[in-house]
Amino acid sequence: QVQLVESGGGLVQAGGSLRLSCTASGRTFSSYGLGWFRQAPGKEREFVIAISWSGYSRYIADSVKGRFTISGDNAKNTVNLQMNSLKPEDTAVYYCATVKLNWASDGSWGQGTQVTVSS
């Protein structure tokens, strides 16, 4: 069992920046890494970005490449998502999740945090 606690999020104007954090506890060793997914109103949840626990591997969705970065702090079991040059289409609930080797979620999710980008 893994527990994930997210922080950050909020309202920002287009072109602005936000930072999300996710702290994991429990059986984190059973997963490959930690990532972020998002779900906009009326849309399916989609993958955004993830990092392996080692920090050596990252996977980034094309829609956020060049704007979003992910970093990890193994000592704190925390992963940070830095979101720059935000667009209105980035508006969604962002969920932290543990991921498998193929970057898909392996079933542990955070509670979600709202990110709203105004135009």
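Throughout these legends, a residue is called buried under 20% relative accessible area, exposed over 50%, and partly exposed in between, using a 1.4 Å probe and protein chains only. The views come from a predicted model, in which local features need pLDDT of at least 70, side-chain atom pairs count only at pLDDT 80 or more, and totals for chains, interfaces and linings use all residues. Residues are numbered from 1 along each chain as its sequence is written, and side-chain values use heavy atoms, with hydrogens and water left out.

**View 1. Tryptophan 109 pairs with phenylalanine 37 and with tyrosine 95.**
A search of the whole structure turns up six aromatic pairs. Rings of Phe, Tyr and Trp (its six-membered ring) pair if their centres lie within 6.5 Å; planes under 30 degrees apart count as stacked, over 60 as edge-to-face and the rest as tilted. One of the pairs is phenylalanine 37 with tryptophan 109, edge-to-face at 5.1 Å centre to centre and 65 degrees between the planes. This pair links distant parts of the chain, with phenylalanine 37 in strand 4 (residues 33-39) and tryptophan 109 in strand 10 (residues 105-109), 72 residues apart. Strands here (E, at least two residues) and helices (H or I, at least four residues) are DSSP runs, numbered from the N terminus. Phenylalanine 37 counts as buried because its relative accessible area is 8%, whereas tryptophan 109, at 33% relative accessibility, is partly exposed.
Tyrosine 95 also meets tryptophan 109 edge-to-face, at 6.2 Å centre to centre and 90 degrees between the planes. Here the link runs from tyrosine 95 in strand 9 (residues 92-99) to tryptophan 109 in strand 10, 14 residues apart. Is tyrosine 95 buried or exposed? With 14% relative accessibility, tyrosine 95 counts as buried.

**View 2. Arginine 45 sits over rings of an aromatic cluster.**
Tyr32, Phe37, Phe47, Tyr59, Tyr95, Trp103 and Trp109 make up one aromatic cluster. The charged end of arginine 45 is placed over the ring of tyrosine 95, 3.7 Å from its centre. Arginine 45 also lies over the face of tryptophan 109, at 4.5 Å from the ring centre. For a charge to sit over a ring, NZ of Lys or CZ of Arg must be within 6 Å of the ring centre and within 35 degrees of the ring normal.

**View 3. Glycine 110 is found in a loop after strand 10.**
The loop that holds glycine 110 runs between strand 10 and strand 11 (113-118). Glycine 110 counts as buried because its relative accessibility is 11%. Which residues does glycine 110 touch, not counting those up to four places away in sequence? They are Leu4, Glu6, Tyr95 and Cys96, where contact means heavy atoms within 4.5 Å. Arginine 67 is 43 residues from glycine 110 in sequence and 23 Å from it in space, C-alpha to C-alpha.

**View 4. One disulfide joins cysteine 22 to cysteine 96.**
A disulfide is a pair of cysteine sulfur atoms within 2.5 Å, and the S to S distance between cysteine 22 and cysteine 96 is 2.0 Å. The link connects distant parts of the chain: cysteine 22 belongs to strand 3 (residues 18-26) and cysteine 96 to strand 9, 74 residues apart. The link of cysteine 22 and cysteine 96 is left-handed, with -80 degrees about the S-S bond. Both cysteine 22 and cysteine 96 are buried.

**View 5. Four strands form an open sheet in the order 1-3-8-7.**
The pairing in this sheet is antiparallel; two strands pair if DSSP finds at least two bridges between them. At the edges are strand 1 (2-8) and strand 7 (68-73), each pairing on one side only. Strand 7 and strand 8 (residues 78-83) run antiparallel and are joined by six bridges. Glycine 72 has valine 79 in strand 8 as its bridge partner.

**View 6. Strand 5 pairs with strand 4 and with strand 6.**
Strand 5 (residues 46-52) is mostly covered, with six of its seven residues buried. Six bridges join strand 5 to strand 4 in an antiparallel arrangement, and tryptophan 36 stands opposite isoleucine 49 in strand 5. The hairpin of strand 4 and strand 5 has six residues between the strands, and its glycine 42 takes a positive phi near 80 degrees. Strand 5 and strand 6 (residues 58-60) are antiparallel too, over three bridges, with arginine 58 in strand 6 as the bridge partner of isoleucine 51. Five residues lie between strand 5 and strand 6 in their hairpin, where glycine 55 in the turn has a positive phi of about 85 degrees.
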